[in-house]
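Biologist: I'm new to this one and would like to learn how to read it. Could you walk me through it, feature by feature?

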Amino acid sequence: MKKSKKILICVGVFLLLLLITWGICETAGSDYYNYQGYVLDMKEDNNGNTVIVTLCGNKESNFTLKWYSRVKLAEDKKNFAVGDLVKLSTTRFSDTNIKKIFVDYGYSTEGKLVYVKEFTDRPYILATDPKTNIMYFFDFNIDNDIQNFEGIKTGDTVRIYHQYPISNNTISALGNAVKLISDSSTNGLTEEELKFIEEKGYTLK
């Protein structure tokens with residue numbers, strides 16, 4: 001067998017093994033993500049990479065999209081934007097570089113946080129529907145972790161992030177993140193809001 005033919009066979013075997021290895025890596029653990037959060041901001045670093053600032057619970061994190069990062073959009077989703085819900089896994093040797101990322105629709109609601117005596121294990125959110133201007137009141141859990149609300153007081157304005165839409169028919173909601181917008185020294189609760197809470201049968205804590 002000619003030397004050139006042997007070289008071609010070796011190269012072919014090498015490429016085949018490379019293709020098999022790539023296929024295994026591409027499909028292995030395809031449903032595994034080690035982080036879930038909401039995109040607060042998207043910016044560019046000094047190397048031209050996209051950095052996403054995310055929020056999970058009450059903690060912000062920075063993750064970098066590299067050339068090898070695999071991005072998958074949810075069905076019918078056309079782009080990747082601030083406010084999206086992201087699930088991602090990082091590369092083996094870095095906690096910041098994204099190996100793969102799944103981008104889905106995310107939702108957020110802005111309202112005032114309220115603690116009531118009737119429930120001590122979770123806060124309530126007092127919000128107003130922007131379309132109907134109707135006020136509504138619902139309890140809000142972030143994976144049952146009350147520590148995510150530490151330092152936030154009754155009357156503080158917060159933005160809560162959740163996977164599914166919330167309306168004035170919502171009684172209870174489970175979310176993933178909360179961000180303080182302004183403290184009660186700026187806004188507080190109005191007389192109308194206090195009356196609304198009282199009519200619901202709750203007492204401020």
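Modeller: Happy to. Of the 205 residues of the chain, 38% count as buried. Keep in mind that we are looking at a predicted model.

Biologist: How many helices and strands does the chain have?

Modeller: The secondary structure comes to two helices and 11 strands. Reading from the N terminus, the order is α-β-β-β-β-β-β-β-β-β-β-β-α. As for contacts, take those with a separation of 6 or more: residues 24 or more positions apart account for 60% of them.

Biologist: Let's turn to the strands. Which strands close into a barrel, and in what order?

Modeller: Five of them do, in the order E1-E2-E3-E5-E4, and the pairing is mixed. Neighbouring strands of this sheet are turned by 60 degrees against each other on average, if you ignore direction.

Biologist: How do I read the pairing of E1 with E2?

Modeller: Look at the bridges and the direction. Six bridges join E1 to strand E2 (residues 50–56), and the two run antiparallel. One position to find is Met42, which stands opposite Ile52 in E2. E1 and E2 form a hairpin with five residues between them, and Gly48 in the turn has a positive phi of about 85 degrees.

Biologist: And how many bridges join E1 to E4?

Modeller: Four, between strand E1 (residues 35–44) and strand E4 (residues 85–90), again with an antiparallel run. Here Gln36 stands opposite Lys87, and Tyr38 stands opposite Leu85.

Biologist: What does E4 pair with besides E1?

Modeller: E4 pairs with strand E5 (residues 97–104) in the antiparallel sense, over six bridges. Find Lys87 once more: in E5, Phe102 stands opposite Lys87. A hairpin joins E4 to E5 through six residues.

Biologist: Why is E4 described as largely enclosed by the rest of the structure?

Modeller: Because five of the six residues of E4 are buried.

Biologist: Now the interior. What is the general idea behind a nonpolar core?

Modeller: In soluble globular proteins, nonpolar side chains tend to be buried together. In this model, the largest nonpolar core has 15 residues, and Ile125, Phe138, Phe140 and Ile160 touch the most other members. Strands E6 (107–116), E7 (119–128), E8 (135–142) and E9 (157–162) each supply at least two residues of this core. E8 gives the most, with four residues.

Biologist: Which residues is Phe138 in contact with, leaving aside its neighbours within four places in sequence?

Modeller: Phe138 is in contact with Tyr124, Ile125, Ala127, Ile160, Ile166, Thr170, Ile171, Ser172 and Ala173. There is also a second, separate core of 11 residues, which includes Leu65, Val86, Ile98 and Val103.

Biologist: I keep noticing rings. How should I describe an aromatic pair?

Modeller: A pair of aromatic rings is described by the distance of the centres and the angle of the planes. The count here comes to eight aromatic pairs. Take Tyr35 and Phe63: their ring centres are 4.8 Å apart and their planes are at 55 degrees, so the pair is tilted. Tyr35 lies in strand E1 and Phe63 in strand E3 (residues 59–73), so the pair ties together parts that are 28 residues apart in sequence.

Biologist: Are Tyr35 and Phe63 buried or exposed?

Modeller: Buried, where the cut-off is under 20% relative accessible area. Tyr35 has a relative accessible area of 15%, and Phe63 has 6%. For another group of rings, look for Tyr124, Phe137 and Tyr202, which ring pairs link into a cluster.

Biologist: Which lysines lie over the face of a tyrosine ring?

Modeller: Two to find are Lys77 and Lys100. Lys77 lies over the face of Tyr105, at 4.6 Å from the ring centre. Lys100 lies over the face of Tyr33, at 5.5 Å from the ring centre.

Biologist: One last stop, a loop. Where is Gly151 found?

Modeller: In the loop between E8 and E9. Gly151 counts as exposed, because its relative accessibility is 66% and the cut-off for exposed is over 50%. Try tracing from Gly151 to Asp183: they are 32 residues apart along the chain, and their C-alpha atoms are separated by 9.8 Å.

Conventions
Residues numbered from 1 in each chain as written. Predicted model: local features only at pLDDT ≥ 70, side-chain atom pairs only at ≥ 80, totals over all residues. Heavy atoms only, no water. Core = buried A, V, L, I, M, F, W, Y, C linked by side-chain atoms within 4.5 Å. Buried < 20%, exposed > 50% of the residue type's maximum accessible area, 1.4 Å probe, protein only. Contact = heavy atoms within 4.5 Å. Pairing = 2+ DSSP bridges. Phe/Tyr/Trp six-rings, centres within 6.5 Å; stacked < 30°, edge-to-face > 60°. Lys NZ or Arg CZ within 6 Å of the ring centre and 35° of its normal. Axes fitted to C-alpha atoms, helices over the stretch in contact; angles between N-to-C directions.
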